[in-house]
Structure formats: structure tokens, C-alpha cells
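Biologist: Can you take me through this model? Please start with how its parts are named.

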Amino acid sequence: MPECPAWSLLLSSLLLSLGLPVLGAPSRLLCDSRVLERYILEAKEAENVTMSCVEGCVLRENITVPDTKVNFYAWKRMEVGQQAAEVRQGLAVLSAAILRGQALLANSSQPPETLQLHLDKAVSGLRSLTSLLRVLGAQQNEAPLPTDAASPAPLRTVTVDTLCKLFRIYSNFLRGKLKLFTGEACRKGDR
């Protein structure tokens, strides 16, 4: 097969979505807006599916998720490393929340397959995004992604009690803080 950037992008995205490491993957794959947009679209689809759901969408307990509100003035004043720490913390909290939602759904009587599919996609997507952020950070010598121990302030969180709210937070986090951070990190990497 001839060397084609589109095939490379597609193959890398597929392997990352399966949670597999991708050797030789484009180091700035997350800087391609189509990649992030695909994850945002999946999150929005999951949110839309759960909006009409009544039974099976109420969680038996509250789940902690990252607060997705962004103070743009404060965000722009943050160093890229601080932004990265906030995004990584948010992804970690969001991953734990999605996994908890998945466990609660699995323990319910006859979980709807559609909901299970969207939760599975979210788990896979968050793993891929975490890997992509790691690769992006490794390529940014001037702004490496800090370790969790070096994170600045504790992440603001809220709780949700339905799958609809959980997927809304997931969608908003990707469209908000993650997109803001990757845009800034990719611009700095181009300099």
C-alpha cells in the first residue's frame, strides 16, 4: 500500500481507539482537528441518545465529574503546563466516572445495549485521548505535561446522577478544556 497520510491517520486512530500503542504514530496526531472532532462527535451522540432515556439512565449513586466551566481570563493567563495538569486531572476524573457509570449499568437488570455501547466507546475514547496527550506532551520540550504530583490546584468537581448528565459533562469537557489546551499546545509546538 502506498504511503498516504490519510491511511496513517486512520490506522493510528483505530489502534489508539483500541487502546494499543502506536509506534511511529504522528507525534502531533491530536493537533489534527479531525481527530478531536471525532471524539467530540461520539460524546455528543452519547449525550443525545441518553436525553430521551428515562429508565436505565438514572444512576443509583452520584458520580463525581470534573467541572467543565472555563474562566477564559484565568485560562489564558495559565502556563501551558498548568493547563495540561488541569486537563490530565479532568481526564482522570472523567475516566473514573465513566468506568463507574459502566459498572453501575452492568449491575442493573438488563442494561440497554445502546447505553453499554456508548459507555464502552467513552472508555476507549478517554484511553486514546490520554495516550494522545502523553505523546503530544513528550514532543513539547518547552511545555512537558507535568506528573500528577506536580499539579497546581485541586480540580473543581461536581456530581451527576444520570447518564445524560455524565455524557453532557464528557462532551463539554472535550469541547471546552481539552480543545482549548490542545489548540494552545499545538500552536506553541509550531513556533
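Modeller: Helices and strands are DSSP runs, numbered from the N terminus: H or I of at least four residues for a helix, E of at least two for a strand. With that naming, Pro112 sits in the loop between H4 and H5.

Biologist: Before we go on, what sort of model is this, and how are residues numbered?

Modeller: It is a predicted model, in which local features need pLDDT of at least 70 and side-chain atom pairs count only at pLDDT 80 or more, while totals for chains, interfaces and linings use all residues. Residues are numbered from 1 along each chain as its sequence is written, and side-chain values use heavy atoms, with hydrogens and water left out.

Biologist: Where is confidence lowest and where is it highest?

Modeller: pLDDT is the predictor's confidence in each residue, from 0 to 100. The chain averages 80, and 73% of the residues score at least 70. Helix H1 (residues 5–17) is lowest with a mean of 53, and strand S2 (residues 157–162) is highest at 94.

Biologist: Which residues have pLDDT under 50?

Modeller: Residues 18–25 stay under 50, and the model has six contacts for them beyond four places in sequence. Contact means heavy atoms within 4.5 Å. Residues 141–146 also stay under 50, with 15 such contacts.

Biologist: Back to Pro112. Buried or exposed?

Modeller: Partly exposed, at a relative accessible area of 31%. The scale is buried under 20%, exposed over 50% and partly exposed in between, with a 1.4 Å probe and protein chains only. The C-alpha atom of Pro112 is 9.4 Å from that of Cys57, 55 residues away along the chain.

Biologist: Now cysteines. How many disulfides?

Modeller: Taking a disulfide as a pair of cysteine sulfur atoms within 2.5 Å, the count is one. Cys31 and Cys186 form it, with their sulfur atoms 1.8 Å apart. The link is left-handed, with -90° about the S-S bond.

Biologist: Which parts of the chain does that pair link?

Modeller: Distant ones: Cys31 is in the loop between H1 and H2, Cys186 is in helix H6, and 155 residues separate them. Cys31 is partly exposed at 25%, whereas Cys186 is buried at 7%.

Biologist: And what about Cys164?

Modeller: Cys164 is in no disulfide, and the nearest cysteine sulfur, from Cys57, is 7.6 Å away. Cys164 is buried, at 11% relative accessible area.

Biologist: Switching to H2. Which of its residues are buried?

Modeller: Among them are Val35, Tyr39, Ala43, Ala46 and Glu47. Seen down the axis of H2, the buried residues fall within an arc of 155°, so they line one face of the helix. That arc is taken from the directions from the helix axis to the C-beta atoms. The face turned away from the buried side carries the exposed residues Ser33, Arg34, Leu41 and Met51.

Biologist: What does His118 touch?

Modeller: His118, in helix H5, is in contact with Glu45, Ala46, Val49 and Phe167, leaving aside neighbours within four places in sequence. His118 is buried, at 10%.

Biologist: Last one: which residues touch the most others in the largest nonpolar core?

Modeller: A nonpolar core is a set of buried Ala, Val, Leu, Ile, Met, Phe, Trp, Tyr and Cys residues joined through side-chain atoms within 4.5 Å. The largest has 43 residues, and Val87, Ile98, Tyr170, Leu174, Leu178 and Phe181 touch the most other members. H6 gives the largest share of this core, 11 residues.
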